[in-house]
Amino acid sequence: MLLVKEEYKARIIDKKISKYLNIFGAISLEGPKWCGKTWTALNHANSVVYLHNAKSNFNEKKLAEMDVNLILDKEAPELIDEWQEVPAIWDAVRFKCDEDRKKGKYILTGSATPVTNDIHHSGAGRICRMKMRTMSLFEAGVSSGTVSLKDLFEGNVKNQLVNQTEIQDIIQLIIKGGWPESINMDEESALALTQSYIEDVLNFDMTNIDGVKRDINKMRRIMRSLARNESTLSSDSKIINDVNEEQDLATKNTVLDYIDVLQKLYLIENQNAFSTNLRSSSRVGKSAKRHFVDPSLVCGILGLTSKKLINDVNFLGFLFEALCERDLRTYIESYNGELYHFRDNTTGLEVDAIVEMSDGYYGAIEIKLGADKIEEAATNLKKFYDITKTKPKFMCIICGLYDAVIKRPDGIYILPITALKQ
């Protein structure tokens, strides 16, 4: 019997989970805590093991530590929540999948990449790793889904009016983020929840991940630097300089170690550089844009309220870009595609987002909060089109304050993020 919760909101990744449970012996859902992994996994599971269950005095965790096979005998698909608490589970699940080659036996969820020598096999071919993030605007019921990425790639977009989102509403979407727990909260409550999340990271998670005691003050300064530089090409040296601005607090190796911890907790991720030349060094050599997994974390770290953001429209634009790129990543990955950014070092030309399908077709997207920047964005896209050998399948401007979906005479689409879906 499936264990789905009555209040569960369908997630884009649900279809892929159903598909991959018929291909692999097990799947591993990975992502930041509180993003909804457990509820999504329950939607596909017939039994469950909670390793974090304090009500049972962590009995199932204790059993797993004695002998992992004691918890691997329930009805399939069996969900093992926060499996990284007992890393030996990974190899045991891989072995169980090898025993009979049956599909869809286990669903693992984890909110941290375990740092351990207890895992001896990658799980390739048996365990499929799947990244899950906070809710997109479409999943949260904010986006109408009038236009899909597929529509843009296929050119099936009709000109039409849509509801315009006001700037205060956009600010609320940024502050609350895509956490299932906070999307219906008021601003003050949502901000308090996010800040509590950050304090948990500082006081518990950054040490529990590998048992290494780290300095809370250093991590706080690193997180503040990353937050201040959200959606920019901030180099490691820039972060290091920020941390050591007033006094030498951390060496380069220390800063990189702390950033690595945030990556292992799935709190930050890179938006890599794009090139139409598949062998180009720009795919691996140019700076990546760093993002927190959800723009609400930036607000929590910097204490940003709606009053503060409305008085700093420039920074608000960066956070709006982060919001859009969070959703674009979820949407394109539903097609096994990738999200990139583009920057030409010679001319300085930049394109905010490149969405590339697994077949190599791609679209170029500029992201602007206000309609007053549309012509500037269109000029950028045309310059990009002129210098690329392999032309984009579509070009689009996502505008925050816009009330229509249109295709301009030059072929460039304009639409608000609140009209887009996967």
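In the predicted model, Leu-319 is in contact with Ile-174, Glu-230, Pro-295, Val-298, Cys-299, Leu-304 and Leu-309, when its neighbours within four places in sequence are left aside. Leu-319 belongs to helix 14. With a relative accessible area of 0%, Leu-319 is buried, because anything under 20% falls in that class. Contacts of this residue are to be distinguished from mere closeness in sequence. Ser-275 lies 44 residues from Leu-319 along the sequence, and the C-alpha atoms of the two are 25 Å apart in space.

Three of the contacts of Leu-319, namely Pro-295, Val-298 and Cys-299, also appear in the packing of helix 12 against helix 14. Two packed helices are described by the angle between their axes and the distance between the axes. For helix 12 (residues 295-302) and helix 14 (residues 313-333), the angle is about 145 degrees and the axes are 8 Å apart. On the side of helix 12, the contact is made by Pro-295, Val-298, Cys-299 and Leu-302. These residues meet Phe-315, Leu-319, Ala-322, Leu-323 and Arg-326 of helix 14. By type, the contact of helix 12 with helix 14 holds 8 nonpolar residues, no polar residues and 1 charged residue.

A second helix pair is formed by helix 7 (residues 187-208) and helix 8, whose axes come within 10 Å and cross at roughly 135 degrees. Helix 7 and helix 8 are therefore oblique to each other, since an angle from 115 to 145 degrees falls in the oblique class. The crossing of helix 7 past helix 8 is right-handed. In this contact, Ile-198, Glu-199, Leu-202, Asn-203 and Met-206 of helix 7 meet Ile-216, Met-219, Arg-220 and Met-223 of helix 8. The residues of the contact of helix 7 with helix 8 divide into 6 nonpolar, 1 polar and 2 charged.

The model also contains an open sheet of 5 strands, which are arranged in the order 2-3-4-1-5 with parallel pairing. Strand 2 (47-50) and strand 5 (127-131) form the edges, and each of them pairs on one side only. On average, neighbouring strands of this sheet are turned by 20 degrees against each other, with direction ignored. Within the sheet, strand 1 (residues 26-30) pairs with strand 4 (residues 106-110) in the parallel sense, over 5 bridges. One of the residues involved is Ala-26, whose bridge partner in strand 4 is Tyr-106. Helix 1 (residues 13-20) lies across strand 1 and strand 5, and its direction is at about 175 degrees to that of strand 5.

Several loops show backbone features of their own. In the loop between helix 3 (59-66) and strand 3 (78-81) lies Pro-77. The peptide bond that joins Ala-76 and Pro-77 is cis, with an omega of about -10 degrees.

Positive phi values occur at Arg-101 and Ser-231, although neither residue is a glycine. For Arg-101, phi is about 60 degrees, and the residue is placed in the loop between helix 4 (88-100) and strand 4. For Ser-231, phi is about 65 degrees, and the residue is found in the loop between helix 8 (216-228) and helix 9 (236-243). Arg-101 has a relative accessible area of 58% and is exposed, because this class begins over 50%. Ser-231, at 5% relative accessibility, counts as buried.

Notes:
Residues numbered from 1 in each chain as written. Predicted model: local features only at pLDDT ≥ 70, side-chain atom pairs only at ≥ 80, totals over all residues. Heavy atoms only, no water. Pairing = 2+ DSSP bridges. Helix = DSSP H or I, 4+ residues; strand = E, 2+ residues; numbered from the N terminus. Axes fitted to C-alpha atoms, helices over the stretch in contact; angles between N-to-C directions. Contact = heavy atoms within 4.5 Å. Buried < 20%, exposed > 50% of the residue type's maximum accessible area, 1.4 Å probe, protein only. Nonpolar A, V, L, I, M, F, W, Y, C, P; charged D, E, K, R; others polar. Parallel < 35°, antiparallel > 145°, perpendicular 65-115°, else oblique. Left-handed = near helix turned anticlockwise from the far one by under 90°.
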